[in-house]
Amino acid sequence: MPTKIKFTITKGSDSGKSLSYSGKQTLVVGRNSDCGIVLSDTNVSRYHCLIEIVPPSVIVRDFGSLNGTYLNGKKIGQRDKKVSVSEAQNSRGEEFSMKSGDTLGFGKDCVLRLEVKLPQYCSDCFEEVEDSPHVNSKKLPICEKCNTIQHSGAYSKDSKVVSDNDRNNDDGMQHNSISSCGVCGKPIAEDSNTSGVCDKCRKNPENVVKFFAMKAQNKVSDVINVEGYTYLRKLGEGGMSRVWLVEDNSSGEQMALKFLLPAVSSTENAKKSFLREAELSIQLSHTNIVRVFKFGSSGEAFYILMEECKFGSIDDFISINGGKLDVDSATDIILQVLDGLIYAHNEEITVRLQDKTVNKIKGVVHRDIKPGNILLLENSSKPVAKIADFGLAKAFDAAGLSGHTNTGQKAGTPAFMPKQQLLDYKYAKPEADIWAAAATYYYMLTGEYTKGYVRDRDAYSVALKTEAIPIRKRDKSIPPKLAEIIDAALIESPEIVIKSAIDLKKKIEGAL
């Protein structure tokens with residue numbers, strides 16, 4: 001049973017209505033019909049505030065609402081009446097954590113109450129149980145199996161249940177198995193959830209990834225099951241990932257090995273969810289998609305063995321070309337990206353469902369197209385472009401493994417996501433990739449984001465409340481017919497205008 005997050009409207013015109021969530025969600029609360037939580041009260045702004053759910057964590061941030069947002073009756077954000085909406089976007093509201101029982105008010109006449117229901121575990125064998133009627137001698141919940149054992153007087157180590165005598169060593173004292181943290185060396189108690197890293201050290205992604213990389217380098221089989229490869233050097237790193245260049249000992253072929261480390265302790269359900277999604281990427285085989293050869297998890301780390309792209313990302317390419325690309329170079333790259341999307345959106349993919357049954361679907365959506373996820377195979381005037389992390393970044397995020405993302409603090413991802421996807425976290429239609437591809441093309445040609453994001457502005461709020469700036473206002477040298485196509489591809493209200501990769505590709509080719 002996953003953690004359940006429930007909001008109940010306790011005051012307002014929608015009083016009594018409840019909304020429940022069990023996985024990671026990013027919800028915009030407001031009066032607009034496209035919000036994740038729609039409140040019809042007139043004192044609620046069109047886009048009032050943002051709620052991010054990473055069970056059991058719930059974070060809230062005001063969007064500079066006129067009537068204010070109140071946490072347990074205390075104001076946590078409000079726009080002064082003298083400040084315009086556009087001016088309010090220049091400041092990012094503070095984030096606040098919520099706990100079960102907290103109330104969230106919008107003005108004075110509309111209130112939500114939060115309830116967080118955590119999964120229940122058997123106190124004896126630690127298996128998950130749901131609303132168990134049984135308790136042990138300490139009045140703690142236990143499962144049906146342990147209840148039977150308890151009343152029969154029999155204890156079985158095979159069932160993970162032991163008597164008080166079995167829990168004690170010869171000195172009569174109760175002990176847990178102790179090992180040392182692989183990062184700092186301090187003692188830690190071993191249980192089914194540890195992976196050789198203490199709680200303090202696992203909060204430092206860099207050190208923990210180094211720890212797993214070191215164990216993999218030493219070919220510790222329980223850390224990473226990629227035998228037959230030699231580690232050559234580190235290629236790059238991000239907040240939660242590190243990438244190494246490895247060589248196949250039999251063929252001499254070089255590949256990239258990427259480690260992903262969860263920001264939060266990963267549950268079995270989260271692991272399985274991510275790995276099911278990762279299965280999609282390994283089925284994709286196209287010139288313009290980075291090939292994934294192998295993936296898996298071990299302890300707290302996930303790994304992906306994939307094709308190496310020696311020249312880095314579009315971000316790197318733009319940087320060495322003075323901050324933007326010429327029309328020919330940018331167009332050549334975006335047409336390759338669209339070719340990859342045409343294939344991915346139409347390929348038949350086998351999906352393994354949670355109940356282990358297999359189903360076939362047509363196409364897979366990336367959901368995170370941006371310059372950093374488009375890699376180049378070589379340094380040339382017309383490099384081969386490849387889409388990386390096909391669905392993996394969003395799958396990792398959706399499984400809750402990325403933890404609280406501080407949504408909107410950086411312009412990066414919101415700048416390359418259409419409004420529909422920002423409003424509906426699980427929005428996964430091909431047209432979202434098309435809009436993102438157009439935003440990436442815009443960025444390559446101008447070196448600017450579509451909506452004028454800057455460091456101090458709330459990127460999420462800007463993305464929701466503004467439209468893309470016409471590209472020729474950025475650079476008048478962009479051919480007019482091409483500019484018309486790019487501007488049309490970035491229309492997102494009331495819906496995205498260009499919905500398929502083949503359509504956008506034909507329009508770009510026609511314009512040139």
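**Reading the fold of a predicted model**

Q: Between which strands is the loop that holds Arg-367?
A: The loop runs from strand E24 (358–362) to strand E25 (374–376), and Arg-367 lies within it. The model is predicted, and every value discussed here is computed from it.

Q: What is phi of Arg-367, and is the residue buried or exposed?
A: Phi of Arg-367 is near 75 degrees, a positive value in a residue other than glycine. Arg-367 is buried, with a relative accessible area of 14%; the cut-off for buried is under 20%.

Q: Where is Asn-72 found, and what is its phi?
A: Asn-72 is found in the loop between E7 and E8. Its phi is near 55 degrees, again positive in a residue other than glycine. The relative accessible area of Asn-72 is 43%, which makes it partly exposed.

Q: How do the strands on either side of Asn-72 pair, parallel or antiparallel?
A: Strand E7 (residues 69–71) pairs with E8 in the antiparallel sense, over 3 bridges. One of the residues to follow is Thr-69, whose bridge partner in E8 is Gly-77. The two strands form a hairpin with 2 residues between them, and the positive phi of Asn-72 falls in this hairpin.

Q: What is the strand order of the sheet that holds E7 and E8?
A: It is an open sheet of 6 strands, in the order E2-E1-E11-E10-E7-E8, and the pairing is antiparallel. Strand E2 (18–21) and strand E8 (74–77) each have a single partner strand, so they stand at the edges, with one side of each left without a neighbour in the sheet. From one strand to the next the twist averages 25 degrees. Further inside the order, strand E1 (residues 4–11) and strand E11 (residues 111–117) pair in the antiparallel sense over 7 bridges. Within E11, Arg-113 is the bridge partner of Thr-8.

Q: How many strands form the open sheet with mixed pairing, and which stand at its edges?
A: That open sheet has 5 strands, in the order E4-E3-E5-E6-E9. Its edges are strand E4 (37–38) and strand E9 (95–98); each has a single partner strand, so one side of each lacks a neighbour in the sheet. Strand E3 (residues 25–30) and E4 run parallel and are joined by 2 bridges. Gly-30 has Val-38 as its bridge partner in E4.

Q: Which peptide bonds are cis, and where are the prolines found?
A: A cis peptide bond joins Pro-55 and Pro-56, with omega about 0 degrees. Pro-56 is in the loop between strand E5 (49–54) and strand E6 (57–62). Another cis bond leads from Ser-493 to Pro-494, with omega near 0 degrees. Pro-494 is in the loop between helix H13 (480–489) and helix H14 (501–511).

Q: How is a helix with a buried side to be read, and which residues of H2 are buried?
A: An α-helix has 3.6 residues a turn, so residues three or four places apart point the same way. In helix H2 (residues 144–152), the residues Cys-146, Asn-147 and Ile-149 are buried. Viewed down the axis of H2, the buried residues fall within an arc of 165 degrees, so they line one face of the helix. Glu-144, Lys-145, His-151 and Ser-152 are exposed on the other side of H2. The buried residues of H2 pack against strand E14 (134–135) and strand E15 (141–142).

Q: How many residues has the largest nonpolar core, and which helix gives the most to it?
A: In soluble globular proteins, nonpolar side chains tend to be buried together. The largest nonpolar core here has 67 residues, and those with the most contacts inside it are Val-28, Ile-333, Leu-341, Tyr-441, Met-444 and Ile-508. Helix H10 (residues 430–446) gives the most to this core, with 11 residues. A second, separate core has 24 residues, among them Leu-19, Val-29, Val-58 and Phe-106.

Q: Leaving aside neighbours within four places in sequence, with which residues is Tyr-441 in contact?
A: Apart from those neighbours, Tyr-441 is in contact with Ala-330, Thr-331, Ile-334, Leu-482, Ile-486 and Ile-508.

Q: What describes the protein chain as a whole?
A: The protein chain has 14 helices and 26 strands. Of its 512 residues, 48% are buried. Among contacts with a separation of 6 or more, 57% are between residues 24 or more positions apart. The chain exposes about 24900 Å², of which carbon and sulfur atoms supply 48%.

Conventions
Residues numbered from 1 in each chain as written. Predicted model: local features only at pLDDT ≥ 70, side-chain atom pairs only at ≥ 80, totals over all residues. Heavy atoms only, no water. Core = buried A, V, L, I, M, F, W, Y, C linked by side-chain atoms within 4.5 Å. Buried < 20%, exposed > 50% of the residue type's maximum accessible area, 1.4 Å probe, protein only. Helix = DSSP H or I, 4+ residues; strand = E, 2+ residues; numbered from the N terminus. Contact = heavy atoms within 4.5 Å. Areas by Shrake-Rupley, 256 points an atom, 1.4 Å probe, with all protein chains shown as cover. Pairing = 2+ DSSP bridges. Axes fitted to C-alpha atoms, helices over the stretch in contact; angles between N-to-C directions. Arc of directions from axis to C-beta.
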